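Me: I'm new to reading protein structures, and I'd like a close look at a single part. Could you take me through one helix and what it packs against, and then show me how other helices pair up?

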Amino acid sequence: MRDRDLYASILGISSPWGVVDVELDLAGDEVRVKVEFGPGAPTPCPECGKGCARYDHRERRWRHLDTCQLKTILVAAVPRIECPEHGVRQVTVPWAEPHGNFTAMFEALVIDWLKVASFKAVAAKLRMTWDEVDGIQGRAVKRGLARRGTVAATRIGVDETSFQKRHEYVTVVVDLEEPRVLHVADDRREESLGAYFQSLSPEVRERIRVVSMDMHKPFIAAVRRWVPEAEWKIAFDKFHVAMHLGKAVDDVRRRENREYAEEGPSPLKGTKYLWLWNPANMSRERTRAFAPLRDSALRTARAWALKEAAMDLWHYASLGWAHRQWKAWIGWALRSRLEPVKRVGRMVREHLWGILNAVIQGATNAATESINSRIQWVKRVACGYRNRERFRNAIYFHLGGLDLYPATLRRATHTGS
Ligand SMILES: [Zn+2]
């Protein structure tokens with residue numbers, strides 16, 4: 001087999017394209033494969049498929065999968081045609097998407113690596129620049145989102161997540177039925193979430209049953225503005241209430257610990273996490289260490305008991321019953337004489353309607369929280385995003401549940417050679 005035939009066959013080049021030359025550049029660590037379009041072959045318009053006259057040609061290059069560890073570049077003079085309707089256009093090539101300097105198979109390889117390795121590692125291993133990797137990821141996300149179209153989700157979760165170290169945020173909308181990221185927007189303002197609702201038709205907005213979220217005013221405002229009957233759909237979920245209460249317990253503990261420490265040894269010394277862990281997940285030793293603290297007369301123990309009591313109020317099926325129990329809890333919290341707990345008590349009183357929605361609808365933002373923790377992983381493997389656009393792309397790439405591969409690749413694998 002001659003080198004030209006060998007390359008035509010391993011690269012999957014077939015009529016009307018053919019390999020005309022293979023050039024080895026050992027110094028450049030590169031092999032260039034020159035490909036030509038058959039001189040007499042028909043040249044259809046890429047838009048309408050009508051046979052058109054050739055106009056001229058343009059030389060283009062694509063990086064393909066390495067052969068024997070050499071960078072492999074396809075070089076082709078791609079004919080341009082002139083269509084009476086669509087003007088001067090380049091004919092489509094079977095190995096690559098219309099734009100970009102990589103073959104579909106190479107893009108697919110990068111996509112596969114990006115799923116499991118950091119940006120930096122992919123760039124180094126495949127001898128690419130950061131921008132080239134970014135370009136492939138960006139295009140993959142773009143085609144994935146276009147293919148997915150609008151998702152008519154009925155239960156969604158909204159959360160904010162920090163971007164880099166500064167106090168900058170992105171708003172993330174998650175499909176709770178089939179956990180995946182539906183939308184990523186800059187900041188955490190009303191417009192951040194509003195943009196998501198605006199992208200939906202009124203019919204799709206109407207189908208939303210539950211919006212699970214934190215008690216974040218701008219998000220509440222956005223849902224009220226865009227989702228009909230929002231008062232029954234906004235659900236303040238258990239996780240966020242637990243977070244506020246966990247913080248209150250910690251505030252009480254810190255203050256109490258300080259007071260003890262002024263007088264001598266504090267019984268609260270080194271106990272921070274015992275108060276924060278879910279008792280159900282504690283090891284036997286920890287439970288044993290925790291029992292005397294929990295049963296003590298410490299203010300922290302009282303705050304902790306209030307938090308645990310609130311965690312038991314999420315399973316009611318009847319609105320009336322749930323309402324009574326929560327009212328009782330609020331009364332207890334407000335009489336507790338523990339300022340951080342009272343603050344959460346007032347917050348719960350003000351947002352009770354949405355907490356009751358969450359209880360009755362069985363709404364939980366657990367899927368959103370799990371996606372949020374995976375976003376933290378995405379942030380780490382990216383080793384610092386220079387801009388939000390990249391961060392947003394990476395979130396969609398890893399967590400959007402998207403079909404990311406080039407369409408050209410599918411066509412190529414379906415038709416064979
Ligand atoms: Zn045309």
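**A close look at helix α1**

Reply: Let's start with helix α1, residues 3–11, whose buried residues are Y7, A8 and L11. These three span an arc of only 100° around the axis, so they lie on the same side of α1. A general point helps here: an α-helix has 3.6 residues a turn, so residues three or four places apart point the same way. Please keep in mind that this is a predicted model.

What do the buried residues of α1 pack against? Their partners are four strands: β1 (17–25), β2 (30–37), β3 (53–67) and β4 (70–83). Just after α1 comes G12, which has a positive phi, near 70°.

While we are looking at this region, two cysteines are worth finding. C68 has a relative accessible area of 75%, so C68 is exposed. C83 has a relative accessible area of 3%, so C83 is buried. How many disulfides does the model have? With a disulfide taken as a pair of cysteine sulfur atoms within 2.5 Å, the count is zero.

Now for helices that pair with other helices. Two packed helices are described by the angle between their axes and the distance between the axes. Take helix α11 (residues 299–311) and helix α12 (residues 319–334): they pack at an angle of about 170°, and their axes are 11 Å apart. Because of that angle, α11 is roughly antiparallel to α12; the cut-off for this label is an angle over 145 degrees. Where they touch, α11 offers A305, L306, A309 and A310, while α12 offers W326, W329, W332 and A333.

The second pair is helix α15 (residues 366–381) with helix α16 (residues 388–399), whose axes come within 10 Å and cross at roughly 120°. The two helices α15 and α16 are therefore oblique to each other, and their crossing is right-handed. On the α15 side, the contacts come from I371, R374, I375, W377, V378 and K379. These meet F391, A394, I395, H398 and L399 in α16.

One last stop is F119, which you can find in helix α3, residues 119–125. Is F119 buried or exposed? Its relative accessible area is 3%, so F119 is buried. If you follow the chain for 28 residues from F119 you reach R147, and the C-alpha atoms of F119 and R147 are separated by 24 Å.

Technical notes. Residues are numbered from 1 along each chain as its sequence is written. This is a predicted model: local features need pLDDT of at least 70, side-chain atom pairs count only at pLDDT 80 or more; totals for chains, interfaces and linings use all residues. Side-chain values use heavy atoms; hydrogens and water are left out. Buried means under 20% relative accessible area, exposed over 50%, partly exposed in between (1.4 Å probe, protein chains only). The arc is that of the directions from the helix axis to the C-beta atoms. Contact means heavy atoms within 4.5 Å. Axes are lines fitted to C-alpha atoms, for helices over the stretch in contact, and angles run from 0 to 180 degrees between N-to-C directions. Angles under 35 degrees count as roughly parallel, over 145 as roughly antiparallel, 65 to 115 as roughly perpendicular and the rest as oblique. A crossing is left-handed if the near helix is turned anticlockwise from the far one by less than a right angle, and right-handed if clockwise.
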